[in-house]
Amino acid sequence: MALFEGAGVAIITPFTEDLKVNYDKLGELIDFQIENGTDSIIICGTTGEASAMTHEEHLECIRYTVERVAGRVPVIAGSGSNWTDTAVYLSQEAEKRGADGLLVVSPYYNKATQKGLYAHFKAVADSVKIPIILYNIQGRTGVNIQPSTLVGLIRDVENIVGVKEASGNISQVAKIMSLAQEQGVTVDLYSGNDDQVLPLLSLGGKGVISVLSNVAPRFTHDMVARYMAGDVKGSMEMQLKAIPLIDQLFCEVNPIPVKAAVNMMGVDVGGLRLPLTVMEDAHQINLRRAMEEFGIPLA
């Protein structure tokens, strides 16, 4: 059984005016997501600004989310780091706090070899019992998990079950699924790019870990559900409709635009921690226009 099928939200972390975690607002966001069909909450990922949190904040966000969700949907906790010992620590602590699964990004900056990636992910997985989804995003980490490395890990390590694929390389995704088929390995494949959900579903994907879901949860859920129900044309039309909005949600580095978007919806989720800065005025105008054209109610 996959951790989830459908649309999981890479949820933002709301802050107070003095940039402390706003747990009351986080609770509201979690409820809004679940009430609008989101199939999983992914806490403390890139979109949640986990890289600008202390370990204590990181783990408290996980604990709070698990408690607030109360079993309604799976909670997947980001627990990756560029140092294996830190990734092990965060993963073990997330498991203790009740996370249903982990999202573990490739070690960044260090730029490990494929052998190093294998050893890193295996060490993290061996330290916990809950399922792990690997996160492949070379644009942020500087390294690419090669298809043979990924499939080998899922084949060899019982609780490494899948991948959030954000390489943007459809040929690579096809290679992953082809290798898996050849070796009799089940890969739980999730799109890490909102503009490529349908292509990855067509290659055997289970769904998406989505930024778009922060502002359009029901839409994103339904786009995947339609595909899974056999309405490929309807799902395709939804994917294409969302492209202009998705473009604006990524016109600056994530999560700058999506946090601005949620604020535009009248939900005060606060600002960003440095080194992220407020969205450029011209980009805000374009984002607001795209949201209006998509049909998202604005404050």
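# Annotated sites and their surroundings

Not counting residues up to four places away in sequence, threonine 47 touches Ala10, Ile11, Ile12, Thr13, Val211, Asn214, Asn254, Pro255 and Val258. The model described here is predicted. Threonine 47 sits in the loop between strand S2 (40-43) and H2, and with a relative accessible area of 3% it is buried.

UniProt, in an unreviewed entry, lists Thr47 together with Ile209 under "binding site". The two span 163 residues in sequence, yet their C-alpha atoms are no more than 10.5 Å apart, so they gather at one spot. Thr47 and Ile209 are both included in the lining of the second largest pocket. Isoleucine 209 belongs to strand S8 (residues 207-210) and is buried, its relative accessible area being 1%. With neighbours within four places in sequence left aside, the contacts of isoleucine 209 are Phe4, Gly8, Ala10, Ile42, Leu103, Lys164, Tyr190, Ser191 and Gly192.

One of those contacts, Lys164, leads to the other annotated site. The "active site" annotation in UniProt, again from an unreviewed entry, covers Tyr135 and Lys164. These residues span 30 residues in sequence, but their C-alpha atoms are no more than 4.7 Å apart, so they gather at one spot. From this set, Tyr135 is part of the lining of the largest pocket.

Tyrosine 135 is in strand S5, and lysine 164 is in strand S6. Tyrosine 135 has a relative accessible area of 6% and lysine 164 one of 7%; both are buried, because the limit for that class is under 20%. Beyond four places in sequence, tyrosine 135 touches Thr46, Leu103, Val104, Val105, Ser106, Ile145, Lys164 and Ala166. On the same basis, lysine 164 is in contact with Leu103, Ile133, Leu134, Tyr135, Asn136, Tyr190, Ser191, Gly192 and Ile209.

The strands that carry these residues are paired. S5 (residues 132-136) and S6 run parallel over five bridges, with isoleucine 133 opposite glycine 162 in S6. S6 is in turn joined to strand S7 (residues 188-191) by four bridges, also in the parallel sense; here lysine 164 stands opposite tyrosine 190 in S7. S6, helix H7 (residues 170-183) and S7 form a right-handed β-α-β unit. S6 itself (residues 160-165) is mostly covered, with six of its six residues buried.

The largest nonpolar core has 88 residues, of which Ile43, Ile132, Ile160, Leu212, Val215, Leu245 and Leu287 touch the most other members. The element that gives the most to this core is helix H11 (residues 256-264), with six residues. Leucine 287 touches Leu245, Gln248, Leu249, Pro257, Ala260, Ala261, Met264 and Met279, not counting residues up to four places away in sequence. Apart from this core lies another, of 14 residues, whose members include Phe4, Ile42, Tyr135 and Tyr190.

Some backbone angles also deserve a note. Most residues other than glycine have a negative phi, and most peptide bonds are trans. A cis peptide bond joins asparagine 254 and proline 255; both of these residues are among the contacts of threonine 47. Proline 255 is in the loop between helix H10 (232-249) and H11. The bond from leucine 274 to proline 275 is cis as well, and proline 275 lies in the loop between H11 and helix H12 (281-294). Positive phi values occur at alanine 70 and at tyrosine 109, neither of which is a glycine. Alanine 70, in the loop between H2 and strand S3 (75-78), is exposed with a relative accessible area of 57%. Tyrosine 109, in the loop between strand S4 (101-105) and helix H4 (114-126), is exposed at 74% relative accessibility.

| Backbone item | Angle |
|---|---|
| Asparagine 254 to proline 255, cis | omega about 15° |
| Leucine 274 to proline 275, cis | omega near 15° |
| Alanine 70, positive phi | phi near 55° |
| Tyrosine 109, positive phi | phi about 70° |

Glutamate 60 is located in helix H2 (residues 55-69) and counts as partly exposed, at 28% relative accessibility. Its C-alpha atom is separated by 9.6 Å from that of tyrosine 23, a residue 37 positions apart from glutamate 60 along the chain.

Terms used: Residues are numbered from 1 along each chain as its sequence is written. This is a predicted model: local features need pLDDT of at least 70, side-chain atom pairs count only at pLDDT 80 or more; totals for chains, interfaces and linings use all residues. Side-chain values use heavy atoms; hydrogens and water are left out. Buried means under 20% relative accessible area, exposed over 50%, partly exposed in between (1.4 Å probe, protein chains only). Helices (H or I, at least four residues) and strands (E, at least two) are DSSP runs, numbered from the N terminus. Two strands pair if DSSP finds at least two bridges between them. A crossover is right-handed if, with the strands pointing away from the viewer, the path from the first strand over the helix to the second runs clockwise. UniProt positions are given in the numbering used here, feature names are shortened, and annotations may be inferred rather than shown by experiment. On a 1 Å grid over the protein atoms alone, a cavity is a set of points where a 1.4 Å probe fits but cannot get out, and a pocket is an open set with protein on both sides within 12 Å along at least five of seven lines; lining residues have an atom within 4 Å of a point. Contact means heavy atoms within 4.5 Å. A nonpolar core is a set of buried Ala, Val, Leu, Ile, Met, Phe, Trp, Tyr and Cys residues joined through side-chain atoms within 4.5 Å.
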